[in-house]
Every structure is written in structure tokens, then in C-alpha cells.
Amino acid sequence: MQLSIGKALVMGGAVLGVAVAAASCENKAEQKGPQAASGALGASASLKQLMDSRGLSEADVEAAVKTYVPGGKGDEYMIFASGGHSGQVLVIGVPSMRLLKVIGVFSPEPWQGYGYGGESDKVLAAGAQNGKKISWADVHHPNLSETKGDYDGQFLFVNDKANGRVAVVDLTDFVTKQIVPNPLVASDHGGAFVDPNTEYVIETSQYPAPLGRAYEPLSEYKNKYRGVAMFWKFDRQKGRIDVEKSFAVELPPYTQDLADAGKLGSDGWAFINSFNTEMAIGGTLEGKPPIESGASKNDMDYLHVINWKKAEQLVKDGKATTIKGMKVLPLKVSGEEGVLTLVGEPKSPHGCDVTPDGTAVVVGGKLDTHATVYDFAKMKALIDQKKFEGKDDYGVPIMNFKEAIRGQVEIGLGPLHTVFDDKGFAYTSVFIESVVAKWSLKDMKTVEKLPVHYNIGHIMAAEGDTVSPDGKYVVAMNKMSMDRFSKVGPLYPQNFQLVDTTGDQMRILIDAPIGIGEPHYSQMIKIDKLKPISAYKPGENPYTGHVDPNAVLKEKDAKIVRNGTTVDVYMTAIRSHFVPDQIEVNEGDTVNIHLTSLESAEDQVHGFALNMYNVNVSLEPGKHENISFKADVPGVFPFFCTEFCSALHLEMAGYFLVKPK
Ligand code: RUQ
Ligand code: CUA
């Protein structure tokens with residue numbers, strides 16, 4: 001629907017009524033009934049003035065009306081976006097594109113008190129690799145938990161490409177509950193993807209290296225370097241990955257890239273594209289071609305087709321070996337048993353997206369102009385009949401490309417990722433051309449191209465990875481923003497553009513600058529599927545889900561207990577004081593502060609900051625925190641509440657004293 005202010009001026013009309021109310025804050029009565037028309041007419045003159053003075057077109061005003069969400073009204077959808085190398089996850093409302101929260105995941109986050117002395121330190125510490133604490137990540141692909149192929153709003157999983165890790169965020173409180181380091185890989189990329197019932201969280205490696213990360217010279221690349229597909233078992237009851245019940249499938253060193261899980265008819269299968277079957281390893285100083293050209297020689301790379309249900313069975317049957325405590329199904333077994341099959345993919349593929357009906361997998365080609373649509377039924381038949389055109393050097397069977405595909409769609413220069421709507425259309429991000437290409441799954445033809453700004457990487461659609469996408473919105477996640485925003489120095493924000501897909505033509509509604517990291521993928525879920533809590537149970541430890549054994553549920557139970565050089569402080573916080581508020585210890589003492597918020601009212605948050613000791617926790621209503629540190633610096637350290645919780649917030653303070661030896 002294109003809003004014409006000129007026409008509406010003549011007609012009055014409800015459409016203009018809405019536009020006017022939104023843009024100029026006219027009173028509500030004017031939006032309804034016959035009165036509205038004349039009211040709108042009167043106001044439209046001022047709207048016209050406003051538009052002129054601000055240099056806005058009719059299209060601008062229509063876009064504003066479509067995205068404006070008044071205070072007190074919620075958004076329709078929520079986006080969970082990767083925070084890229086910020087190591088966080090961004091929560092953004094749609095259609096407003098307002099940033100609602102930045103969830104601390106792999107990096108400490110001070111506002112949430114994530115990683116500053118409290119219980120969350122354990123979550124971050126569990127993410128250590130090779131015994132090294134890691135405080136950042138390159139978050140790539142957030143995936144929401146699914147039930148029967150539909151987002152269920154319970155959990156979010158994200159991967160850390162840089163350090164080969166996967167995290168679990170609980171969506172009842174939007175808190176990261178677990179970080180699992182992969183002991184096998186040096187980096188990952190194809191994750192975190194879930195199967196339609198979230199039995200497994202899938203994480204596949206990126207840059208090949210010896211499994212378990214032992215040293216092997218690069219001359220051993222072909223023999224000793226490998227990729228891997230991890231299947232992390234998810235225990236929904238506990239809300240945690242069960243490392244013991246997880247397994248890996250060894251892969252050839254082809255630089256696996258994106259992955260996706262099958263759904264409906266293709267449930268039980270996983271697909272991974274790859275981009276360096278040349279096994280190029282660079283050597284630029286030695287005069288050899290860089291990896292980028294070495295890896296671009298072959299016309300075809302390989303789509304990996306994995307029968308994970310079969311892999312699971314073979315692991316149960318004892319066919320796996322163990323590397324660094326992880327069960328790994330060897331490449332030889334996978335090739336022989338039909339767990340792993342390959343099929344060609346044109347020119348440096350990227351993206352790997354299963355269609356909502358589960359019948360096809362779409363792969364883009366960074367140096368190609370097509371998206372290739374692989375037909376699952378055809379591939380399954382070839383695998384069942386063992387009809388292959390050969391094997392690779394690792395004994396993995398290869399299907400014939402032409403026999404495995406449904407067809408190829410002419411897209412444009414540099415197609416990457418593909419998402420889907422409810423009307424049988426697919427939307428592919430086209431990096432080099434900077435467009436979103438809309439194409440018909442049925443006709444396999446591009447029907448429209450929308451320029452976006454600029455160099456789109458990922459693309460995402462409302463409920464887009466489910467068996468029943470909503471349509472309505474697509475978000476272009478652009479890598480560059482050049483002239484889109486006010487300048488903020490040479491490091492520019494990335495640009496999310498909300499695209500309206502309801503009309504005959506796609507339309508950009510709003511640009512949203514993302515000034516944190518380089519986001520990769522994201523997912524968009526209908527708001528009403530999320531059921532977040534507004535308070536914890538009194539004394540609840542968010543990381544156990546239970547009332548903490550050290551919780552102090554009444555102010556009168558607050559106390560300080562000394563035991564040799566250990567001091568346990570049982571502490572409460574409520575508007576606007578801490579009990580106790582004077583703590584004195586001796587230099588060298590171990591201090592454990594057990595701190596419970598006695599608040600139960602919604603949005604009544606306190607914080608506890610102990611300066612110089614790097615202690616800073618957030619106390620949402622009911623929450624219990626356990627803080628531990630060594631009092632190794634003598635002196636006087638005022639502590640205080642960090643949230644403006646009441647008129648006497650500044651008075652919510654106390655003293656921590658450390659007596660010198
Ligand atoms: S990547 S811009 Cu990590 Cu998902 Cu394609
Ligand atoms: Cu409690 Cu400020």
C-alpha cells in the first residue's frame with residue numbers, strides 16, 4: 001500500500017489519520033470515526049509542513065508509520081543477532097529496530113554484572129581453551145531452540161568462531177548459562193544449528209587443524225589436518241549441553257563453512273558447504289599464492305551431506321574413537337557407512353539453507369552468479385542406491401552434481417545466504433551487487449532485486465528458519481554503511497535494514513546502525529512465543545535454577561561469619577540499604593559475599609560494586625549472587641549500589657575495610 005499524502009489530503013481517509021497521529025502526536029480521538037477525516041485534514045497541513053521542513057517524502061512518512069512503536073507498546077517480533085567479535089548477542093525489537101538488550105555471552109558485560117566476581121564467572125571460566133581464559137569471541141550464528149521445527153522461545157545457542165565454542169542462553173531470564181569449549185577444533189563456523197527438536201546443537205569446524213589441536217607441520221596438512229562436525233547433545237530438562245552424550249564426525253580438511261539441519265522429510269540429516277577443497281595453505285612470504293587464490297582454483301567444492309541419525313547409531317555401536325575425551329566417528333567409517341557423502345558446489349560456496357518444507361538445500365557461490373538448489377529426495381535416492389561418480393582421496397563417496405540438484409537460479413554477483421517467506425519465495429543476500437534477490441522456489445526465477453546499503457552479508461526473515469516462516473519482514477544485515485549515518489570516526493557501524501516484504505515490491509523501512517562488532521546471522525521470533533520472567537524466586541541462583549543454599553531470605557538473618565582466614569558475609573539488599581554495610585577483614589583473608597536481593601517488585605534492580613577489587617554484580621529482584629575474592633590490598637573501599645533504584649539510591653552504600661598485616 002503506497003500512501004499518497006496528496007490523495008489522502010483530498011479524501012481525508014483513515015490511512016492519513018493514522019499517519020498524522022503517529023507523526024504529529026495528535027490526540028487519539030482523531031484517529032477514529034467520521035470526525036477523524038476532518039481532524040486528519042486539519043492536521044495534515046501541519047504534517048505537510050513538518051515533512052517539508054524535515055525534507056521527508058511520502059514514502060519516508062509511510063515507512064515511519066510502519067515502524068514507529070509508541071512508548072508502552074511492545075514490538076511484534078524480537079531479533080536475536082550475533083554481536084560478532086564483541087562476543088555478545090543483541091536483542092532488537094521489530095518493527096521499531098530498537099536495541100532492547102545486549103546479552104553478555106562470551107565477553108564480560110558490566111551492566112549485567114556478567115564476569116565481575118559473581119556466579120557468572122564460572123560460566124565464563126568454563127569456556128577456557130587449553131587452560132587459557134578467553135574473554136572475547138567471534139559470535140556468528142544464533143539459533144533458537146525448536147520443537148517440531150518451530151521456534152519454541154526457550155533457548156538460544158550461539159557459536160564462537162574464533163575459539164571453537166558454543167554457548168547456551170536461557171530465554172526465561174535472557175542469561176548465558178553455559179559455554180562449552182570444543183576440545184577438537186581450532187575454530188568453528190557452521191553453528192550453532194539445531195535439529196527440529198533440538199536434540200543436538202550442531203557446530204562444524206572452519207579452518208582445518210589436527211583434531212585435538214596437537215602440533216603437526218603444514219606439510220602434513222592433507223594427512224593430519226581435519227575438519228569436524230560436532231553434535232552437542234542438548235538436555236532440555238536441564239537446559240544444558242550434555243558433553244558426555246555428544247559426539248563428532250570427522251571430516252576431510254576442506255574448510256567447512258556454513259551448516260544447516262534437515263527438517264520434516266530431511267530430519268536426521270545435516271548439510272555443510274565447504275570452500276577449500278584445493279587444501280590451499282598459503283605461503284605468501286615464500287612466494288606461493290595466498291589462500292584466497294589457492295582456494296579459488298577448483299570450479300567445484302563440496303557440499304557435505306551427513307546422516308547424523310546413522311552417525312549417532314554407529315557411535316552407540318562403539319565405532320567411534322576418542323580424542324581429548326570426545327567420541328569421534330572416523331572419516332573412514334563415515335565414508336564406508338554412508339554417514340558422509342559429498343556433492344559438488346560451484347565456485348567458493350557460502351550459505352547453506354534448508355527450505356521450510358525440508359525438501360531442498362540452497363547454497364550460494366561467492367564467485368558464482370547462481371544459487372544452487374539441491375534436492376534432498378534425489379540425494380537420498382543416490383545415497384540409498386550407492387550411485388556415486390567416485391570417491392575423494394579420503395574414501396568419501398561423491399554424487400554427481402547434475403543428478404543431485406533441482407536446478408540453479410540466476411541471482412547476481414556474489415550470492416551468500418538465503419531465507420524464506422510464507423508464499424514460496426526465497427530471499428538471497430548478494431554481497432558484491434549489494435542487493436536482496438527475491439526468487440520463486442517453484443519457478444526457480446529471480447523476480448525482484450532490492451538495493452541495500454551496503455554489501456549485505458547475512459539476511460534473515462521473520463520465523464525464517466522454521467517449517468512455517470511468517471513472511472512480512474526480511475532484515476538485510478549489511479557489512480558497510482558508508483553514507484548512511486552521521487560519521488563516528490573510521491570504524492563505521494554495520495547497518496541492519498528492515499525490509500517490508502508484504503507488498504508487490506520489497507521496501508526498506510528503516511536503517512538500524514549496529515555499533516557493536518560485526519554481526520553475522522540472527523533470527524527473528526514472534527514476541528508472544530517468549531515467556532521471560534520478571535523476577536527470580538526469592539534467593540534463586542540463576543545458574544542452578546534453585547534457591548541458593550547461601551541465600552539470605554530475611555534481613556535479620558544477615559551476618560558475618562569468620563573462620564580462620566575465611567570470612568563469609570551473608571548480605572541482603574533492598575531499597576535502599578545493604579545489611580551488613582560495614583565489613584572489616586584482614587589482609588590476605590578469603591572473602592565470600594553471599595548476597596540476596598529481597599526485592600520482588602518488577603524492575604526493582606540493585607547492583608553491588610566493590611571498587612578496586614573488580615567486583616560488580618547485578619541484583620535483579622529475588623536474585624542471589626555468590627562473590628569470592630582474596631582481600632590482598634589493604635585500605636578502605638566504599639561499596640555502593642549501581643542502579644538508580646530509589647530517591648536514596650546514592651545512600652545505598654557501605655564500607656569494606658581491609659586491615660593491613
Ligand atoms: S558468515 S556473511 Cu559467519 Cu554466517 Cu556469511
Ligand atoms: Cu539500590 Cu541503587
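**Entry 1: the five-stranded sheet**

I began with Asn586 in this predicted model and looked up its bridge partner, which is Lys659 in E44. The strands behind that pair are E38 and E44 (residues 653–659), and I found them parallel, joined over five bridges. Stepping back, I placed both in an open sheet of five strands with mixed pairing, in the order E38-E44-E43-E40-E41. At its edges I noted E38 (582–586) and E41 (615–619), each pairing on one side only. I also wrote down the twist, which averages 15° from one strand to the next.

**Entry 2: the six-stranded sheet**

Next I turned to an open sheet of six strands, again with mixed pairing; I read its order as E12-E13-E14-E17-E22-E21. Which strands stand at the edges here? They are E12 (256–261) and E21 (390–391); each has a single partner strand, so one side of each is left without a neighbour in the sheet.

I followed E12 to its partner, E13 (residues 269–274), and found an antiparallel pairing over four bridges. For a concrete position I picked Ala259, whose bridge partner in E13 is Ile272. Helix H8 (residues 308–316) packs on this sheet, where I saw it touching E13 and E14 (300–307). The direction of H8 makes about 60° with that of E14.

I then checked helix H10 (residues 376–384), which lies across E13, E14, E17 (340–346) and E22 (397–399). Against E13, I noted that H10 runs at about 100°.

**Entry 3: E2 and its two hairpins**

I wanted to know how enclosed E2 (residues 88–94) is. Seven of its seven residues are buried, so E2 is largely enclosed by the rest of the structure. In a regular strand the side chains alternate between the two faces of the sheet, and I sorted the strand that way. I have Gln88, Leu90, Ile92 and Val94 on one side, with Val89, Val91 and Gly93 on the other, and both faces are covered.

On one flank I found E1 (residues 77–82), antiparallel to E2 over six bridges. Tyr77 stands opposite Val94 there. The two strands make a hairpin with five residues between them, and I noted a positive phi of about 55° for Gly84 in the turn.

I did the same for E3 (residues 99–104), which pairs with E2 in the antiparallel sense over five bridges. Here Gln88 of E2 stands opposite Gly104. This is a hairpin too, with four residues between the strands; I marked Met97 in its turn, with a positive phi of about 60°.

**Entry 4: where domain 1 meets domain 2**

I looked up the division of the chain: domain 1 spans 3–67, domain 2 spans 77–529 and domain 3 spans 540–659. For the first two, I noted centres 44 Å apart over C-alpha atoms. Five residues from domain 1 and seven residues from domain 2 take part in the contact.

How much area is buried between domain 1 and domain 2? I have about 530 Å², with 49% given by carbon and sulfur atoms. On the domain 1 side, Ala63, Lys66 and Thr67 lose the most area, together 85% of what that side buries.

I counted two salt bridges between these domains. I looked more closely at Arg507 and Glu62, which form a salt bridge with their closest N and O atoms 2.9 Å apart.

**Entry 5: salt bridges elsewhere**

My tally for the structure is 33 salt bridges. Side chains of opposite charge can pair when their charged atoms come close. I chose a few to compare by exposure.

Arg165 and Asp160 meet at 2.9 Å, N to O. Are these two partners buried or exposed? I found Arg165 buried, and Asp160 as well.

Lys245 and Asp242 meet at 3.7 Å, N to O. I have Lys245 as exposed, with a relative accessible area of 54%. Asp242 has 18% relative accessibility, so I count it as buried, the cut-off being under 20%.

Lys332 and Glu336 form a salt bridge at 2.9 Å, N to O. I located both in helix H9 (residues 331–337), four residues apart, about one turn of the helix. Lys332 is exposed at 57% relative accessibility, and I found Glu336 exposed at 55%. My last note is a network: salt bridges that share partners join Glu62, Lys66, Asp500 and Arg507.

Methods. Residues are numbered from 1 along each chain as its sequence is written. Chains are lettered from A and ligands numbered from 1 in the order in which they are written. This is a predicted model: local features need pLDDT of at least 70, side-chain atom pairs count only at pLDDT 80 or more; totals for chains, interfaces and linings use all residues. Side-chain values use heavy atoms; hydrogens and water are left out. Two strands pair if DSSP finds at least two bridges between them. Contact means heavy atoms within 4.5 Å. Axes are lines fitted to C-alpha atoms, for helices over the stretch in contact, and angles run from 0 to 180 degrees between N-to-C directions. Buried means under 20% relative accessible area, exposed over 50%, partly exposed in between (1.4 Å probe, protein chains only). Domain bounds come from an automatic or database domain assignment. Buried area is the accessible area (1.4 Å probe) that two parts lose on being put together, summed over both. A salt bridge is a side-chain nitrogen of Lys or Arg within 4 Å of a carboxyl oxygen of Asp or Glu.
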